[in-house]
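Thank you all for coming; before I begin, please bring the sequence and the structure up in front of you, and keep both in view while I talk.

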Amino acid sequence: MQWGSLAEFFAMGGYGLYVWPSFGVTALCMGGEVFAVWRRHAAAAGSRDES
Amino acid sequence: MSGTGINWFKYSSPQALYPLAGRMIPWFAALALGLIGVGLYVGFFVAPTDVTQGDAYRIIFVHVPAAWMSMFLYVIMAIWAGLGLGLNARPSFMMAQAIAPTGAMFTFLALFTGSMWGKPTWGAWWVWDARLTSELILLFQYIGIILLRSSIDDLRRADRASAVLALVGVINVPIIYFSVRWWNTLHQGASVSITAAPTMAGTMVTAMLVMMFGFWMYSIAVTLARMRCVIVERERHPSWGKQASMPDAVEAR
C-alpha cells in the first residue's frame, strides 16, 4: 500500500479535488438511481398490496 | 434441452417476466456490490501511483466503466428496440424502455468523470474533441429517446417511435468508439485492447475490469428493477385497458 496516512490517502497526491468528486458523483448517481427505481416501484405497485 | 422441463416461451410474456426479474435482481445486485467493492479496493490500495499522471489516473476506475456501459447499454437498447419492431414483441420494447435511463446516467457519468480527469491532465474541463463531442451527442440521443417516448400517449406508437430513433442513432456508437483513431484527438486511445499489450500495470487493468463487470451487473439489476416498474405501470395505462390485464402475474411472485 502506498498511503502513509489517512490525510495522504484523501489528498490523492494533490489530485483529491478531481478524484473524489469523480467517485462521489458516480456513487450518488448510482445510489440515487436505485432509490428512484425503488420509489417508482413502490408507487406503481403501491395500491396492490404487493411487496 | 428436452430434459430440463423449462418452457422458455413462457418467460417471454410480461406476466412471467415480472416474478422472474424479481428473483434475478438480488443475485445481480450482490454481484455488483461485491465486484465494485473489490474493484475499489484494488484500485485504491493495490494499484500503484501512475508515473506520468500521478494519482489523477485513478479516475479511470469509474470513467472507463461508465463510458463503456454508456455505449454498451445503447447497443443493447437498440437490439431490444429492433427485436420489438421485428417481432412486434411488447417485452422487447419494455426492455428498451427500462435500459434508457441507466444508459443516460452512465453517459453523464462518463462525461463528468472525463471532465474531472481532463482538467488536471489537459488543463481543460472540456474540449470540442471528436471523442467528447460524440459522447455528448450520445447523451442527447438518450434524452431524446426518453422524451420522445414520454411525449406520445399511445403506448404502441411510443414504443415504435422510440425504437426507430434508438435504431437510427446506433450509428453514433462506432463513431464514439473509433473517434480516437479516426480523428486527431486529445483523448487517449483505448486503454485495453485485445490485439495489443496493455499500456497499464496489471493491477490497474484488473481494478478497471473488475469495476467494469461490477457496473455491468449493476446495470442488469437496476434495469430489471425498472422493467418491473414498467410492467406494473403499463398494466394501469389507460390505452391498455381493453387488453387482458395481468393481475395474476403481478401477485404471483
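How many residue pairs are in polar contact across the interface of chain B and chain A? The rule finds 7 such pairs, both residues being at pLDDT 80 or more, where a polar contact is a pair of N or O atoms within 3.5 Å, one of which, within protein, must be able to donate a hydrogen and the other to accept it, and where residues adjacent in sequence count only if both atoms are side-chain atoms.

I should say early that this is a predicted model, in which local features need pLDDT of at least 70 and side-chain atom pairs count only at pLDDT 80 or more, while totals for chains, interfaces and linings use all residues. Residues are numbered from 1 along each chain as its sequence is written, chains are lettered from A and ligands numbered from 1 in the order in which they are written, and side-chain values use heavy atoms, with hydrogens and water left out.

Let me stay with the interface. With contact meaning heavy atoms within 4.5 Å, 46 residues of chain B and 30 residues of chain A take part. About 3,200 Å² is buried between the two chains, and carbon and sulfur atoms give 65% of that; buried area here is the accessible area (1.4 Å probe) that two parts lose on being put together, summed over both. On the chain B side, B:Phe44, B:Phe45 and B:Asp55 lose the most area to chain A, together 19% of what that side buries.

The rule also finds 2 salt bridges across this interface, a salt bridge being a side-chain nitrogen of Lys or Arg within 4 Å of a carboxyl oxygen of Asp or Glu. A:Arg40 forms a salt bridge with B:Glu233, and their closest N and O atoms are 2.7 Å apart.

Turning to chain B by itself, we find 8 helices and 0 strands, these being DSSP runs numbered from the N terminus (helices H or I, at least four residues; strands E, at least two).

My last stop is B:Thr223, which is placed in helix H7 of chain B. Is B:Thr223 buried or exposed? It counts as buried because its relative accessibility is 5%, and buried means under 20% relative accessible area, exposed over 50%, and partly exposed in between (1.4 Å probe, protein chains only). A polar atom of the B:Thr223 side chain lies 2.5 Å from the backbone oxygen of B:Ser219, and, leaving aside neighbours within four places in sequence, B:Thr223 is in contact with B:Met95, B:Ala98, B:Ile99 and B:Thr102.
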